[in-house]
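Reader: I have just opened my first protein model and would like some help reading it. Could you walk me through it?

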Amino acid sequence: MAENSKTQPSPGQGPDDAPDLSQALWREKLDAAPVRVGRPKTKVSTTIRLDQDVLERFRKTSPGWQSRINAALRDWLAEKG
C-alpha cells in the first residue's frame with residue numbers, strides 16, 4: 001500500500017476545523033481586511049404596484065424573484081432601445 005503524502009490533522013483538529021484566529025498572523029490579516037456592512041449601494045429601494053398574478057408567478061419561481069423582475073425590466077429596456 002502506498003504511503004499517503006497528505007499531512008494528517010493533529011488530534012482534535014479535523015480538516016474542516018477553523019484555524020486559531022487569535023494567533024498573530026491571523027489577527028494581522030483580519031485587522032487588514034476591509035469591512036463591508038449592509039447591502040451593496042448599486043440598487044435603489046422603491047415601491048412598485050404590480051398585478052397580483054404577475055407577482056405570484058415571479059414569487060413561485062423560488063428565491064431571487066426580485067432579481068428576475070429586474071432582469072425582465074432590463075430585457076424590456078434593451079428591446080426598446
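Reader: Where in the protein chain is the place of Ile48?

Author: A word on the source: this is a predicted model, in which local features need pLDDT of at least 70, side-chain atom pairs count only at pLDDT 80 or more, and totals for chains, interfaces and linings use all residues. Residues are numbered from 1 along each chain as its sequence is written, and side-chain values use heavy atoms, with hydrogens and water left out. Helices here are DSSP runs of H or I with at least four residues, and strands are runs of E with at least two, numbered from the N terminus. Ile48 has its place in the loop between helix H1 (24-32) and helix H2 (52-60).

Reader: Is Ile48 buried or exposed?

Author: Buried means under 20% relative accessible area and exposed means over 50%, with partly exposed in between (1.4 Å probe, protein chains only). Ile48 has a relative accessible area of 56%, so Ile48 is exposed.

Reader: How many helices and strands are in the protein chain?

Author: From the N terminus on, the elements run α-α-α. That gives three helices and zero strands.

Reader: How many residues does helix H3 have, and what does it reach from its first C-alpha to its last?

Author: Helix H3 covers residues 65-80, which is 16 residues. The expected span is 1.5 Å times one less than the number of residues, here 22 Å. The value for H3 is close to that, at 23 Å.

Reader: Which residue takes a positive phi just after H3?

Author: Look just after the end of H3, where phi is about 80°. The residue there is Gly81.

Reader: Which side chains meet in a salt bridge?

Author: A salt bridge is a side-chain nitrogen of Lys or Arg within 4 Å of a carboxyl oxygen of Asp or Glu. A search of the whole structure finds one. Its two residues both lie in helix H1, four residues apart, about one turn of the helix. At 3.3 Å, N to O, the partners are Arg27 and Asp31.

Reader: Is Asp31 buried or exposed?

Author: Its partner Arg27 has 37% relative accessibility, so Arg27 counts as partly exposed. Asp31 has a relative accessible area of 57%, which means that Asp31 is exposed.

Reader: Which residue has its charged end over the ring of Trp26?

Author: A charge sits over a ring if NZ of Lys or CZ of Arg is within 6 Å of the ring centre and within 35 degrees of the ring normal. Here the charged end is 5.1 Å from the centre of the Trp26 ring, and the residue is Lys29.
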